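Please read the account below with the sequence and the model open side by side.

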Amino acid sequence: MNIQVMPEHKLSSVAPMKQCNVEKKEVELILVKDQNGVQYTNSSIIPTNGSRVGPPGSSSEDNRETWGKKIDFLLSVIGFAVDLANVWRFPYLCYKNGGGAFLIPYILFLFIAGMPLFYMELALGQYNREGAATVWKICPVFKGVGYTVILIALYVGFYYNVIIAWSLHYLFSSMTTELPWLRCGNSWNSVNCTEFNGSLPENGTSYAKYKHTPAAEYYERGVLNLHESSGIEDLGWPRWQLVLCLVVVVFILYFSLWKGVKSSGKVVYITATMPYVVLFVLLIRGITLDGSMKGIKQYLSIDFNRLSDPEVWIDAATQIFYSLGAGFGVLIAFASYNKFDNNCYRDALLTSTVNCVTSFFSGFAIFSVLGYMAKKHGVEVKDVATEGPGLVFVIYPEAISTLLGSTFWAIVFFIMLLTLGIDSAMGGMEAVLTGLSDDFKILKRNRKLFTFATAFGTFLVALLCITNGGIYVVTLLDEYAAGTSILFGVLIEAIGVSWFYGVDRFSEDIERMMGFKPGLYWRLCWKYVSPAFLLFVVIASAVKRPPLRYDNYVFPEWANQIGWGVAMSSMLMVPFYAIYKFFSLPGTFRERIAYCITPEHEHHMVAEGKVRQFRLRHWLAI
C-alpha cells in the first residue's frame, strides 16, 4: 500500500500546524532472517540522554527499591571492599615484596584489571537491576555463574562471621583496667609462658612466631582453646563465650539487612566511616612512639630487585583482585538498587581508588607500631612483622597493652576491626539474599523470614569454627571456599559478558544508562586484558599451592579432599546449569543454542524462526 505524504503547506490548510514537544528517539533496526520470501526486522527504541529508562524487556514502572541516598550506595561499596585484609594483609605484603617497589605491579594490576572488573560488575548490576543469578538474562547459559558466586558468598560467611566474633570477644575482654594478654599467670597460660622485656626467644624463633608470649597464649589458649585439640579430626565442643559473641554478630547482621538496602544503607554510616577515624587516631598515636619511624621506613623502603621475583607479581595480582571484592556478587547486588541513570563509571573509579588508598594508608598505622615493638625488644622489624590474625590478635594487641591508657586504645582498635568486618559480612549476605530473592519471588515476598533463615543457617555451620579445633576449619574454608573457585567464577563471568553477550552491546547498555559509551581502553580491558589477567591468576593460584597447614600442623589428605569438594561444589554450578538449560529447552539443536546465548528479551525472535545470527560476534555466528 502506497501512502502519499502531503506537503506541509497543504496539511496546514486543513489544520494549523502546532509545535509539539515530541521527544526525539533513535531507532535501532536489526536485520534478521528471510522466511517465505518475507524479510523480518526487529526494532528497539534507544532513548535520548534526557529520558533514559530500563533495559529492553523491562517494565517502565519498575518497583524495585533503590538506595535512600547516593551516599548510602557509596558507603556500602566502600564498606564491603575495605575489610580486614586491608589492615592485616596488604601492609605486610608491601613490606615483604620490596616496599614501595611493590606498588608498581599493584597499581598496574589495579588499572588493567581491578578497575575494569569493578566497573563491569557495577554496570552489569545497575543496567539489568537484578542479582547475581538473574542478571544472566543477558545470556541464560551463564546463569550457573550467578549460583557459583552466591554459594561462594555463603561459604565465606560461615567463617568470616567467626573472625568478627573473635574481634567482639577481644572488645569485651578489653573492658578492664589491665588487659588480660599483658602478663602470664592466668588460668589459660601454660608453664612455658614467658614475658619478654628487651629479649628474644633463645630457640631462634622470630618473635612474631613465638607461641608462648602472654598475647600469643591468650589468643590460642584463652580465646580459641586450641591446646585442647590435636587437629581437624578432634574439634571438640563449641566455646560458649564465642557462641555468645557469634549470636550477637548474627543478630547485628539480621537487623541490618532485614528491611533491605533501606536499613543496611543507614548502618554503613557508622560501619564504613568508623575505621577511617580509628586508623587516623591510631596513626597519630603510633608516630609518637619510640621507634615508629624505623617501622615506617621499612614499610616504604624500595627494593627494585624484588620485582624480578615472579612471586611479587603473583602477590600483587591476587591482592588487588581480592581487595576490590569482584566476583562475590556483592557489587552486582548493590548496583542493582541504583537508579537506572546513575553514573556508575564515576562510582567505580572513586570507590576502587578509596579502597586501595586505604590499604596503603593503613600500613602507616600498622608499621609505626611494629617499629615500636622492634625497638622495645631490640630486634629488627622483620622479627615482629607478620600478617593475618597473628598481626591483629597477637602482635598489635601486645603493643597496645604496653601503652599508657591501654584499655582505651584496645577498645578503639577492636571497634575498628568489628566495623571493618561487619559491613563486609553485610555485603556478602546481601549478595546471597538479593541473588536468590530475585530468582525466587516467594523469597522476596518473605524478605524478613528469608534473611532470618540465612543468618541462622550461617550461625549453625559457623559453630564448627568456634570449637576447640575451629581454627583448622576456618583455615580450610579460607583456603578453599573462595580461592580458586572465585577466580574461576569471575573468569567465566568476564568471558560471558565480553565474548558471548559482547563488549559492543555491553557498551551500548552503558550508553543507555549514562549517555556515553566506555572508551576504547575499557573495552580492550574487558575483552582481552581482564580475562588474560584472571587466567594468569587462576594458573598461578593452582601452581603455587603448598600443602595446607596451620603453623606447624599439616592437614591430612582427607581434609584437603573435603576442601576441594567445597570448591568444586560452587564451580560445578557453571557446567551443570548449562547442561540443564540446554536439555530443558524446546526446539532443534540450533534453536536450543540460540535460546541459551540470546538475551531473554529476544527469545521471541528464536521462537518465530527469525534469528539468522545469535548476536554474538562473528566467530560464534551460526
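The paragraphs that follow go from the overall fold to the core, the aromatic rings, the disulfide and a few single residues.

The model is predicted. Its protein chain has 26 helices and four strands. Of the 622 residues in the chain, 56% are buried. Contacts between residues at least 6 apart in sequence mostly span long stretches of chain: 80% of them join residues at least 24 apart.

The core comes next. In soluble globular proteins, nonpolar side chains tend to be buried together. Here the largest nonpolar core holds 193 residues, and the members that touch the most others are Trp166 and Phe393. Helix 6 is the element that gives the most to this core, with 19 residues. What does Phe393 touch, once residues up to four places away in sequence are not counted? Its contacts are Trp88, Ile163, Trp166, Ser167, Tyr170, Ala215, Tyr219, Phe414 and Leu417. Trp166 is thus on the contact list of Phe393, and these two are the residues named above for touching the most other core members.

Both residues also appear in a cluster linked by ring pairs. The cluster consists of Trp166, Tyr170, Trp181, Trp188, Tyr218, Tyr219, Phe393, Tyr396, Phe413 and Phe414. Some of these rings, including Tyr170, Tyr219 and Phe414, are in contact with Phe393.

Across the structure, the aromatic pairs number 57. One of them joins Tyr155 and Phe158, with ring centres 6.0 Å apart and planes at 45°; an angle that is neither under 30 degrees nor over 60 counts as tilted, so this pair is tilted. Where do the two residues sit relative to each other along helix 6? Helix 6 covers residues 143-173, and because Tyr155 and Phe158 are three residues apart in it, about one helical turn separates them. Both Tyr155 and Phe158 are buried.

A second pair has another geometry. The rings of Phe582 and Phe589 lie 5.5 Å apart, centre to centre, with 70° between their planes, and the pair is edge-to-face. Are these two residues buried or exposed? Phe582 has a relative accessible area of 15%, so it counts as buried, the limit being under 20%. Phe589 is exposed because its relative accessibility is 57%, and exposed means over 50%. Phe582 also has a charge over its ring: the charged end of Arg592 sits there, 5.5 Å from the ring centre. A similar arrangement involves Trp258, where the charged end of Lys448 sits over the ring at 4.6 Å from its centre.

Turn now to the cysteines. A disulfide is a covalent bond between the sulfur atoms of two cysteines. How many disulfides does a search of the whole structure find? It finds one, and that bond joins Cys184 to Cys193 with an S to S distance of 2.0 Å. The torsion about the S-S bond of Cys184 and Cys193 is about -80°, so the disulfide is left-handed. Its two ends fall in separate accessibility classes: Cys184 is partly exposed at 21% relative accessibility, whereas Cys193 is buried at 14%. Two further cysteines are buried as well, Cys245 at 4% relative accessibility and Cys525 at 2%.

Glu130 is a charged residue worth locating. It lies in the loop between helix 5 (103-128) and helix 6. Because its relative accessibility is 15%, Glu130 counts as buried. A polar contact of 2.8 Å joins its side chain to that of Thr134. Beyond its neighbours within four places in sequence, Glu130 is in contact with Arg64, Gly125, Val135, Lys137, Ile332, Ser336 and Asp438.

Two last residues show how sequence separation and distance in space can be read together. Tyr210 is in the loop between helix 6 and helix 7 (214-223), and at 15% relative accessibility it counts as buried. Tyr210 and Val384 are 174 residues apart in sequence, while their C-alpha atoms are 9.9 Å apart. Lys376 belongs to helix 14, residues 344-377, and is partly exposed, with a relative accessible area of 29%. The C-alpha atom of Lys376 is 9.4 Å from that of Ala399, which is 23 residues away along the chain.

Key:
Residues numbered from 1 in each chain as written. Heavy atoms only, no water. Phe/Tyr/Trp six-rings, centres within 6.5 Å; stacked < 30°, edge-to-face > 60°. Buried < 20%, exposed > 50% of the residue type's maximum accessible area, 1.4 Å probe, protein only. Lys NZ or Arg CZ within 6 Å of the ring centre and 35° of its normal. Polar contact = N/O pair within 3.5 Å; in protein donor to acceptor, adjacent residues only side chain to side chain. Contact = heavy atoms within 4.5 Å. Disulfide = S-S within 2.5 Å. Core = buried A, V, L, I, M, F, W, Y, C linked by side-chain atoms within 4.5 Å.
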